[in-house]
Amino acid sequence: MPAYRSVPSLDLLGEQIRSMLEEPSTSHGLARALRAAAKEIEISRCHHASSRAWPNGRTDATPKKVQIGGGAHRIDGFFNIDAVPPADLLWDVREGIPLQDGGVQFMFSEHFLEHIDYPRSAKHYAREAHRVLTDGGRLVTGVPDAAYLLSHYPANPDLATEMVERWYSKRDCLGDINTFLDLINYLFRDQDDTPNYTPHLWAYDQEKLTHLFIEAGFRSVEPWTFDPKIANPKREWASVYVIATK
Ligand SMILES: C[S@@+](CC[C@H](N)C(=O)[O-])C[C@H]1O[C@@H](n2cnc3c(N)ncnc32)[C@H](O)[C@@H]1O
């Protein structure tokens with residue numbers, strides 16, 4: 001007889017986590033880990049709901065333009081794929097891009113890549129983007145520019161103040177961003193422990209993006225000129241964008 005292991009359902013696990021989070025005796029470190037797990041459970045629930053409809057990981061949709069990880073910044077005329085609502089398709093892109101081979105002409109993502117783990121998920125994503133694009137298809141990727149930040153260290157106080165204002169003025173952590181190194185820490189390892197923010201797991205600059213996409217099979221990677229008709233205007237400052245061509 002095969003040995004069966006009981007696997008708790010996501011719903012049950014989610015409930016257990018919620019009740020542990022309400023428990024005053026749950027320690028700070030455990031609570032942080034549980035909040036992170038609760039986020040993953042939510043992503044997993046959305047992903048499994050979609051993957052039940054598309055069990056082979058390929059939807060019927062055949063969009064020519066796709067945005068990945070757009071969050072609330074949906075782009076007209078694009079098929080928006082994100083792990084959580086609002087999106088046209090809820091999908092955990094770490095599991096792949098749920099589209100057929102070679103049909104997409106233009107793919108766009110900004111401030112998404114730094115939220116997935118490197119190397120496993122980032123490299124898988126780059127290969128998947130290459131797979132779903134047509135020959136000559138293009139992938140635009142924007143991320144916070146680590147080179148920009150590091151090149152200004154140690155920063156003059158005016159620049160530091162502007163950065164804090166632009167990036168963190170709406171956050172609870174605002175009072176704790178006191179030095180330029182705090183900003184660098186945030187770019188590399190944003191671990192904001194509130195439900196609105198997802199962590200930064202890897203930092204990128206133009207060289208790193210180029211290496212990632214060339215390794216995935218793209219034939220060229222060039223700087224992309226910021227276009228606010230597509231990109232989120234609030235991302236222009238201190239970001240780096242590249243366009244990779246298959
Ligand atoms: C910082 S937000 C950026 C949103 C938008 N691109 C912008 O610039 O305003 C990161 C987005 O990536 C999405 N995301 C993170 N991990 C994801 C994953 N594994 N699969 C799909 N989307 C993901 C999040 O849900 C979120 O919408």
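## A walk through the chain

Let's start inside a helix: Ser50 sits in α2. What you're looking at is a predicted model, so local features need pLDDT of at least 70 and side-chain atom pairs count only at pLDDT 80 or more, while totals for chains, interfaces and linings use all residues. Residues are numbered from 1 along each chain as its sequence is written, and side-chain values use heavy atoms, with hydrogens and water left out.

Is Ser50 buried or exposed? Ser50 counts as buried because its relative accessible area is 11%. The cut-offs go like this: buried means under 20% relative accessible area, exposed means over 50%, and partly exposed is in between, using a 1.4 Å probe and protein chains only. If you skip residues up to four places away in sequence, Ser50 touches Leu89, Leu90 and Trp91. Touching, or contact, means heavy atoms within 4.5 Å.

Now follow the chain out of α2 (28–53) and into the loop that leads to β1 (65–68), where you'll find Thr59. Thr59 has a relative accessibility of 3%, so it counts as buried. Leaving out residues up to four places away in sequence, Thr59 touches Trp54, Leu89, Pro98, Leu99 and Gln100. Leu89 may ring a bell, as Ser50 touches it too. The side chain of Thr59 also reaches the backbone nitrogen of Ala61, at 3.3 Å.

Time to zoom out. How many helices and strands does the chain have? There are seven helices and seven strands. Helices (H or I, at least four residues) and strands (E, at least two) are DSSP runs, numbered from the N terminus. Read from that end, the order is α-α-β-β-β-β-α-β-α-α-α-α-β-β.

What about the overall form? A compact globule of 246 residues would have a radius of gyration near 18 Å, and the chain's 20 Å agrees with that. That radius is taken over C-alpha atoms, and the globule rule is 2.2 Å times the number of residues to the power 0.38. Along its principal axes, the C-alpha trace spans about 60 × 50 × 35 Å. Of the 246 residues, 43% count as buried. Take the contacts with a separation of 6 or more: 65% of them are between residues 24 or more positions apart.

Back to the details, this time in the loop between β1 and β2, home of Arg74. With 39% relative accessibility, Arg74 counts as partly exposed. Not counting residues up to four places away in sequence, Arg74 touches Gln67, Asn80, Pro86, Ala87 and Asp88. With Asp88 there is a polar contact between the two side chains, at 2.9 Å. A polar contact is a pair of N or O atoms within 3.5 Å; within protein, one must be able to donate a hydrogen and the other to accept it, and residues adjacent in sequence count only if both atoms are side-chain atoms.

Pro86, one of the residues touched by Arg74, is worth a stop. Pro86 lies in the loop between β2 (79–82) and β3 (89–90), and a cis peptide bond with omega of about -5° joins Pro85 and Pro86. Another cis bond runs from Tyr153 to Pro154, with omega near -5°. Pro154 is in the loop between α4 (146–151) and α5 (157–168).

Two residues have a positive phi although they aren't glycines. His111, in the loop between β4 (104–110) and α3 (120–132), has a phi of about 50°. Ala238, in the loop between β6 and β7 (239–245), has a phi of about 60°. His111 is buried, with a relative accessible area of 14%, and Ala238 counts as buried at 10%.

Our last stop is Arg219, in the loop between α7 (206–215) and β6 (220–223). Arg219 is exposed, with a relative accessible area of 60%. Which residues does Arg219 contact, leaving aside neighbours within four places in sequence? They are Gly136, Ile214, Thr245 and Lys246. The side chain of Arg219 reaches the backbone oxygen of Lys246 at 3.2 Å. Compare Tyr186, which is 33 residues from Arg219 in sequence and 33 Å from it in space, C-alpha to C-alpha.
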